[in-house]
Amino acid sequence: MAIIEIHGKKVHVDDDSKSAKHAADYLNKLDSSEAKNFFHTAATDRFSHFETPRHVSDTNLHHDMTLEHKDDGTYSLRKRTHH
């Protein structure tokens, strides 16, 4: 699992997950204040759920994602499993 930096935050991204890589790209492209909201929610509530817009992906797919705040202060991106 790779650890990348997104808007100054360390985020674990599974190397085998196309959805997680896509979501990382999406978060990187966001205005920093928009991304800050996702990270703030995750830090406060432990999780932040979001959906990437269809127009971000070449395949025209959207991804339901979870940004999770870890005890060590890092985050992880994964597909959302509960709605």
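**Close-up 1. R46 sits in a loop of this predicted model, between α2 (32-45) and β3 (47-51).** Take a look at the backbone here: R46 has a positive phi of about 80 degrees, although R46 is not a glycine. Is R46 buried, partly exposed or exposed? R46 counts as partly exposed because its relative accessible area is 34%, and partly exposed covers the range between 20% and 50%.

**Close-up 2. H7 occupies the loop between β1 (2-6) and β2 (9-13).** Here is another non-glycine residue with a positive phi, this time about 50 degrees for H7. With a relative accessible area of 33%, H7 is partly exposed.

**Close-up 3. Y26 and F50 are partners in one of the 3 aromatic pairs that the structure holds.** As a reminder for this view and the next, a pair of aromatic rings is described by the distance of the centres and the angle of the planes. For Y26 and F50 the centres are 6.0 Å apart and the planes differ by 25 degrees, so the pair counts as stacked, the cut-off for that label being under 30 degrees. Which parts of the chain does the pair link? Y26 belongs to helix α1 (residues 18-29) and F50 to strand β3, and the two residues are 24 residues apart. Both Y26 and F50 are buried. If you keep F38 in the view as well, you will see one aromatic cluster made of Y26, F38 and F50.

**Close-up 4. F39 and Y75 form an edge-to-face aromatic pair.** Their ring centres lie 4.9 Å from each other, and the angle between the planes is 80 degrees. This pair also links distant parts of the chain: F39 comes from helix α2, Y75 comes from strand β5 (residues 75-79), and 36 residues separate them. Are F39 and Y75 buried or exposed? F39 is buried, at a relative accessible area of 3%. Y75 counts as buried too, at 5% relative accessibility, because the label applies under 20%.

**Close-up 5. S48 is a residue of strand β3 whose side chain reaches a backbone oxygen.** That oxygen belongs to F38, and the distance is 3.4 Å. S48 counts as buried, with 4% relative accessibility. What surrounds S48, leaving aside its neighbours within four places in sequence? S48 is in contact with F38, T41 and A42, and also with M65, T66 and L67.

**Close-up 6. Strand β5 pairs with β2 and with β4.** In which sense does β5 pair with each of these strands? The pairing of β2 and β5 is parallel, over 3 bridges, and here V13 stands opposite L77 in β5. Strand β4 (residues 64-69) pairs with β5 in the antiparallel sense, over 5 bridges, and M65 stands opposite K79 in β5. β4 and β5 form a hairpin with 5 residues between them. In the turn, have a look at G73, which has a positive phi of about 90 degrees.

**Close-up 7. Model confidence along the chain is given by pLDDT.** The chain averages a pLDDT of 87, and 86% of the residues score at least 70. Which elements have the lowest and the highest mean pLDDT? The lowest belongs to α1, at 88, and the highest to β2, at 96.

How values were computed: Residues are numbered from 1 along each chain as its sequence is written. Side-chain values use heavy atoms; hydrogens and water are left out. Helices (H or I, at least four residues) and strands (E, at least two) are DSSP runs, numbered from the N terminus. Buried means under 20% relative accessible area, exposed over 50%, partly exposed in between (1.4 Å probe, protein chains only). Rings of Phe, Tyr and Trp (its six-membered ring) pair if their centres lie within 6.5 Å; planes under 30 degrees apart count as stacked, over 60 as edge-to-face and the rest as tilted. pLDDT is the predictor's confidence in each residue, from 0 to 100. Two strands pair if DSSP finds at least two bridges between them. A polar contact is a pair of N or O atoms within 3.5 Å; within protein, one must be able to donate a hydrogen and the other to accept it, and residues adjacent in sequence count only if both atoms are side-chain atoms. Contact means heavy atoms within 4.5 Å.
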